[in-house]
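User: Let's go through this model together, taking the helix packing and then the aromatic rings.

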Amino acid sequence: MQDEEGKTDELPQGVTIPSDLQFSARMFADEDYAKEAMYKLHSVLSVISQSIDLANLDGVTVAFDYDEALADLDRGYETTYTLTATKGVAIGVAMAPTVIRNGVIKTHLVLNANYALSILEEPGEETEYFWQPLHLVAHECAHVEVTAAFDRSFPGFLLQKTHSNILDNMRWQVILATWDEYAASPALSDMTPQRVTSKPWSRCWAIPGANAMS
């Protein structure tokens with residue numbers, strides 16, 4: 001199966017993800033598994049969004065062809081830059097690229113399905129493979145809140161500011177990347193295994209709107 005896309009229904013109070021959030025499942029071999037994975041991922045994001053503001057989340061792409069999914073992402077503006085996963089000392093498995101939708105700065109999550117889907121283990125049956133992907137997804141979610149906060153403070157800068165010379169352009173690439181990672185870290189202080197297990201994971205599959213595929 002190449003792609004399955006869908007969106008969420010009306011969400012309960014306290015959940016900050018958009019009610020029309022779009023999901024895309026790429027290169028899943030089985031359509032039913034893709035739908036089940038998106039249902040459960042939406043439920044996990046719903047719980048995370050009670051601690052991290054995901055109102056500016058544009059959409060979520062879960063891909064077994066992760067490199068191609070990054071390259072194919074519509075950023076909402078003309079650019080010759082192609083998103084690529086980190087290779088070498090570390091291997092990139094998730095990214096939260098900034099995009100423009102109808103003139104509004106948003107963030108789109110792109111997740112490597114080979115790694116990220118470990119968070120879909122059944123509640124109460126989590127193994128060691130659950131916690132690291134959960135932290136990874138939560139970390140990417142934190143970038144959604146951080147990017148929105150930066151855009152509110154410095155409107156018209158992200159993806160829109162033109163620098164006068166290559167030195168300023170390189171400097172701001174480093175500044176933004178450093179700030180983004182630094183600012184995202186405090187948002188995860190609530191995501192320890194002890195705190196997470198006290199959250200309603202056992203009930204999250206039944207959250208209204210969890211049927212994220214149509």
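Analyst: What follows is a short run of questions and answers about this model.
This is a predicted model, with local features needing pLDDT of at least 70 and side-chain atom pairs pLDDT 80 or more, while totals for chains, interfaces and linings use all residues. Numbering starts from 1 along each chain as its sequence is written, and side-chain values use heavy atoms, leaving out hydrogens and water.

User: At what angle do H4 and H5 pack?
Analyst: Helices here are DSSP runs (H or I, at least four residues), numbered from the N terminus. H4 covers residues 128–153 and H5 covers 166–184. Axes are lines fitted to C-alpha atoms over the stretch in contact, with angles from 0 to 180 degrees between N-to-C directions. The axes sit 9 Å apart, and the angle is about 115°.

User: How do the residues of the H4 contact with H5 divide by class?
Analyst: Contact means heavy atoms within 4.5 Å. On the H4 side you'll find His139 and Phe150, among others, meeting H5 residues including Leu176 and Trp179. Ala, Val, Leu, Ile, Met, Phe, Trp, Tyr, Cys and Pro count as nonpolar, Asp, Glu, Lys and Arg as charged, and the others, Gly among them, as polar. The split is seven nonpolar, three polar and two charged.

User: What is the class of the Trp179 and Tyr182 aromatic pair?
Analyst: Rings of Phe, Tyr and Trp (its six-membered ring) pair with centres within 6.5 Å; planes under 30 degrees apart are stacked, over 60 edge-to-face, the rest tilted. The structure has seven aromatic pairs. Because Trp179 and Tyr182 are three residues apart in helix H5, about one helical turn separates them. At 6.4 Å centre to centre and 45° between the planes, the pair is tilted.

Methods:
Helix = DSSP H or I, 4+ residues; strand = E, 2+ residues; numbered from the N terminus.
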